[in-house]
Amino acid sequence: MGIPIVSGRRDPLVKVAPHIFRIDLPVTEVLPTTNSYIVIGPERSLLIDTGLNIPESKDALDLALSKLNVPWSKVDVFLTHSDLDHAAGLTQIARQTMRVYSGMTDFRQRSTPIMCGEPFFELVERICRDHGTPFEFDRDWWAPMRDRGTDDILVTTLREDDMLDVGDYHFEVTATPGHEPSHLCLFDRESGVFVAGDHVMGDSYPSIILSSDTDELGLYLESLDKIRDVPARIVLTGHGEEFTDLAGRVDAIKAHYDRQLDNIRAILDTGLTDPAEIAYATTCRPRRKPWGERPLFGQVALVGATMTYLKHLVATGEYPDQYEIRHK
């Protein structure tokens, strides 16, 4: 038996703008419900993000398109980014008639799932051993969180300032790396519709889990500045509810990361240099959930985020390069 699959508590199909509908996609119980959006055009329609590679995702998409009377033969796909809860479900729905738009040049470039981050698992296991908490990892149980889908899909690469037209919408493409290297956002000036993916969320903070030798938090903060003053009237986001105050939300997210970095600075200033112990120490700070009360997914993500903060503080020259920084 694998990890339970859950559906959102909202209406599974909601109109959010003229000719645009949100589709709630089922996810595993440790993830927030993924939002997919369908932009309906007179000739071709555009599906934004495709969820996990699980039958429940395809069922939800099939039902939504059936209700909207949109045949799969007239659907193209835009992937905001390549995380498995946004792109792996493409395996379930790909067709020869479908054009797939992405920031990737090759679908094989998509990101490694957190639950496949072996370097992080090694550190989580060591933390659990050293601090007397259980460590159990059943690969079969976690299978949906490790499934990236098939590699055999062609993509049409979009880049900064490209245009993507769907019916009356004329979306400008903005490259927003940070949360994931290939992340793209879309903006239609006439309607004010801004497609944010996981770059900006209205009620949570996008995770930055180190996936390369790059200062990914630095890239993310630059990408936030890049879109802060876009005159959006509605923001369509990868998880949670749509919202309207893009600049306010960008400021709140940047303030969140300032707080996270301050937490890391306070720990580093005690002399700790082992990233595993630094990650554990963050759970001992005020108002933080103790290490032993976090699920395995949360422990692995915390180690990855700690690596992100360390990489940023070293890359900016604020702290010396003395930490064994790993990426997934």
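# A tour of helices α4, α6, α7 and α8

Begin by selecting helix α6, residues 246-268, whose 23 residues should span 33 Å at 1.5 Å a residue, in agreement with the 33 Å between its end C-alpha atoms; the expected span is 1.5 Å times one less than the number of residues, and helices are DSSP runs (H or I, at least four residues) numbered from the N terminus. This is a predicted model, in which local features need pLDDT of at least 70 and side-chain atom pairs count only at pLDDT 80 or more, while totals for chains, interfaces and linings use all residues. Residues are numbered from 1 along each chain as its sequence is written, and side-chain values use heavy atoms, with hydrogens and water left out.

Stay at the start of α6 and show aspartate 245, of which a side-chain oxygen comes to within 2.9 Å of the backbone nitrogen of glycine 248.

Next, select α4 (residues 118-130) together with α8 (residues 296-315), which pack with their axes 9 Å apart at an angle of about 110 degrees; axes are lines fitted to C-alpha atoms, for helices over the stretch in contact, and angles run from 0 to 180 degrees between N-to-C directions. The two helices, α4 and α8, are therefore roughly perpendicular, a term for angles of 65 to 115 degrees. Display the side chains where they meet (contact means heavy atoms within 4.5 Å): Phe120, Phe121, Leu123, Val124, Ile127 and Cys128 in α4 face Leu296, Gln299, Val300, Val303, Gly304 and Met307 in α8. By class, the residues of this α4 and α8 contact are ten nonpolar, two polar and no charged.

Keep α8 and add α7, residues 275-282: the axes of α7 and α8 come within 9 Å and cross at roughly 110 degrees. Here Pro275, Ile278, Ala279 and Thr282 of α7 make the contact with Leu302, Val303, Thr306, Met307 and Leu310 of α8, and the residues divide into seven nonpolar, two polar and no charged.

Finally, hide α8 and view α4 with α7, whose axes come within 10 Å and cross at roughly 65 degrees. Select Leu123, Arg126, Ile127 and Asp130 of α4 with Ala276, Glu277, Ala279 and Tyr280 of α7, which make this contact; five of the residues in the contact of α4 with α7 are nonpolar, none polar and three charged.

Methods:
Parallel < 35°, antiparallel > 145°, perpendicular 65-115°, else oblique. Nonpolar A, V, L, I, M, F, W, Y, C, P; charged D, E, K, R; others polar. Polar contact = N/O pair within 3.5 Å; in protein donor to acceptor, adjacent residues only side chain to side chain.
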